[in-house]
Amino acid sequence: MRYQLPKLPYGFDELEDFIDAKTMEIHHQKHHQSYVDGLNQSLEEIAGSFHPKYITSILSDLKSIPEQSRKKINFFGGGFENHRLFWETMIPNGGGNPGGNLADSIDVYFENFNKFKNLFSGISNSIEGSGWCWLVFNPTFNKIEIISTRNQDSPWVLNKIPLLGLDLWEHAYYLKYYNKKEDYISSWWNVINWDYIENRFSELL
Ligand code: MN3
């Protein structure tokens, strides 16, 4: 299969006040596109344009990829899938609190939503260089966790299923927030699509 740039579920300017239109446009049209192109090119190099598995299955089993291509597939495949999820987990007029099973699980593992939010924000802010902060489901221990990854490393590589991810590359916020990463992080909570994330979580249970 050839991967294509996923459509944004909203307009570039619809997250304005929290994420500016220009950042959204460049992030989606240029950065995400470059991961799509890099992924297609890397897959072509190893098996023509056809690969029978979806990228999350490939990332979960990187050893099945010829060694010389592993790093590239990890980077571009992670970049492709991380951003695909990132767009889906945001929505205009989002924010608030999660409900349902996810809210219950957050209470179990983080005591309450505010503690979860503070912990997630703190870890996000402490990432040095480029990376992501994640809420993941760990199927081995059947629990949710917060983790961070470097560059475009995906939780799938660690056999963890990402529910929510925050892009902490400078390209995600620099035009509006400059060096104020903390302000970007606190704004982002206002555009989270908790219904989408809750559904994603409930399907795993
Ligand atoms: Mn990005």
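**A tour of helix α5 and the manganese site**

Begin with helix α5 and select N114 and N118: these exposed residues lie on the face of α5 turned away from its buried side. Please note that the model is a predicted one.

Next, select the whole of α5, residues 113-126. At 1.5 Å a residue, its 14 residues should span 20 Å, and the end C-alpha atoms are indeed 20 Å apart, so the expected and modelled spans agree.

Now select F113, F116, F120, S121 and S124, the buried residues of α5. They cover an arc of only 125 degrees around the axis and therefore lie on the same side of α5. To see what these buried residues pack against, display the helices α4 (100-110), α7 (181-188) and α8 (194-204), together with the strands β1 (131-138), β2 (143-150) and β3 (161-167).

Before leaving this helix, move to its start and select N112 and N114. A side-chain oxygen of N112 comes to within 3.2 Å of the backbone nitrogen of N114.

The second stop is the manganese ion. Select H27, H83, D167 and H171: the ion has protein donors in NE2 of H27, H83 and H171 and in OD of D167, at 1.9 to 2.2 Å. Along the sequence, these donor residues follow the spacing H-x55-H-x83-D-x3-H. Distant parts of the chain are linked by the pair H83 and D167, which are 84 residues apart, with H83 in helix α3 (residues 67-88) and D167 in strand β3.

Finally, select this pair alone. H83 is buried, with a relative accessible area of 0%. D167 is likewise buried, its relative accessible area being 0%.

Key:
Residues numbered from 1 in each chain as written. Predicted model: local features only at pLDDT ≥ 70, side-chain atom pairs only at ≥ 80, totals over all residues. Heavy atoms only, no water. Helix = DSSP H or I, 4+ residues; strand = E, 2+ residues; numbered from the N terminus. Expected span 1.5 Å × (residues − 1). Buried < 20%, exposed > 50% of the residue type's maximum accessible area, 1.4 Å probe, protein only. Arc of directions from axis to C-beta. Contact = heavy atoms within 4.5 Å. Polar contact = N/O pair within 3.5 Å; in protein donor to acceptor, adjacent residues only side chain to side chain. Donors = N, O, S within 2.8 Å, 3.2 Å for Na, K, Ca; no water.
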